[in-house]
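Here is a short note for a colleague new to this structure. Please read it with the model open.

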Amino acid sequence: MIDKKKIRESIRLFIEGIGDDPNREGLIETPERVADMCEEIFAGIGQDSHTEIKVLKSEKYDEIVLIKDIPFYSICEHHLLPFSGVAHVAYIPQGDRVTGISKLARVVEIEAKRLQVQERLTTDIAESIMKALRPKGVLAIIEAEHLCMTMRGIKKPGTRVKTSVVRGIFRENSATRAEALALIKGQ
């Protein structure tokens, strides 16, 4: 649960710490705005994303289900700066166990709305889908730009990091993995 009082107090201290005046006109309401923002952008903390996936019984379908270019925004736990990009999620159902496609995007959203690193975010998405659906396999790929590389440190805007996690048949069968990657690339 978000403690907005602690956030407001810490933001006032932060403003003082960087040498500015938290009582000046433009900053008076900043601690409250930041506390409200935190409630929104960290809404995934404490949520189990796999519970969002509802298993639907359908006709037997054992081909790739892919959602690509799911936009997301997250906060890097190392510098508390944003990273954002797109996630691609694919799975192959086991028997008649499918889910609504919006539920896969919801998993991405929940996992991104907490302090993260991209590698763990990718793993958490794949593991959540594996746990809820028990599919034949899952493939999760994330492409993101990190502001910690863009606005500070090495200062290389436009640099994108790609991470992937493969489980089940996508790991075991290179042809299945290649088919999913071709679908993601639009080929």
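1. Start with one residue. Histidine 88 sits in strand 3. Keep in mind that the model is a predicted one.

2. Is histidine 88 buried or exposed? Histidine 88 has a relative accessible area of 2%. The cut-off for buried is under 20%, so histidine 88 counts as buried.

3. Which side chain does the side chain of histidine 88 meet in a polar contact? The partner is the side chain of glutamate 143, at 2.7 Å.

4. Look next at the wider surroundings of histidine 88. Leaving aside residues up to four places away in sequence, histidine 88 touches Ile67, Lys68 and Asp69. Histidine 88 also touches Leu139, Ala140, Ile141 and Glu143. Ile184 completes the list.

5. Now the pairing of strand 3. Strand 2 covers residues 65-76, and strand 3 covers residues 82-92. The two run antiparallel and are joined by nine bridges. Within this pair, isoleucine 70 stands opposite alanine 87 of strand 3.

6. Step back to the sheet. Five strands form an open sheet in the order 5-2-3-6-7. The pairing is mixed. Strand 5 (115-116) and strand 7 (161-168) have a single partner strand each, so they stand at the edges and one side of each has no neighbour in the sheet.

7. Check what packs on this sheet. Helix 4, residues 118-133, does so. Helix 4 touches strand 2, strand 3, strand 5, strand 6 (137-146) and strand 7. The directions of helix 4 and strand 6 make an angle of about 155 degrees.

8. How many helices and strands does the chain have? There are seven helices and seven strands. Along the sequence, the pattern reads α-α-β-β-β-β-α-β-α-β-α-β-α-α.

9. The domain assignment splits the chain. Domain 1 takes 2-40, and domain 2 takes 51-183. Their C-alpha centres are 33 Å apart.

10. Some totals for the whole chain. The C-alpha trace spans about 65 × 35 × 20 Å along its principal axes. Of the 187 residues, 39% are buried. The accessible surface is about 10,600 Å², and carbon and sulfur atoms hold 54% of that surface.

11. Last, the contacts along the chain. Take those with a separation of 6 or more. Among these, 69% link residues 24 or more positions apart.

Methods. Residues are numbered from 1 along each chain as its sequence is written. This is a predicted model: local features need pLDDT of at least 70, side-chain atom pairs count only at pLDDT 80 or more; totals for chains, interfaces and linings use all residues. Side-chain values use heavy atoms; hydrogens and water are left out. Domain bounds come from an automatic or database domain assignment. Two strands pair if DSSP finds at least two bridges between them. Helices (H or I, at least four residues) and strands (E, at least two) are DSSP runs, numbered from the N terminus. Contact means heavy atoms within 4.5 Å. Axes are lines fitted to C-alpha atoms, for helices over the stretch in contact, and angles run from 0 to 180 degrees between N-to-C directions. Buried means under 20% relative accessible area, exposed over 50%, partly exposed in between (1.4 Å probe, protein chains only). A polar contact is a pair of N or O atoms within 3.5 Å; within protein, one must be able to donate a hydrogen and the other to accept it, and residues adjacent in sequence count only if both atoms are side-chain atoms. Accessible areas come from the Shrake-Rupley method with a 1.4 Å probe; for residues, only the protein chains shown count as cover.
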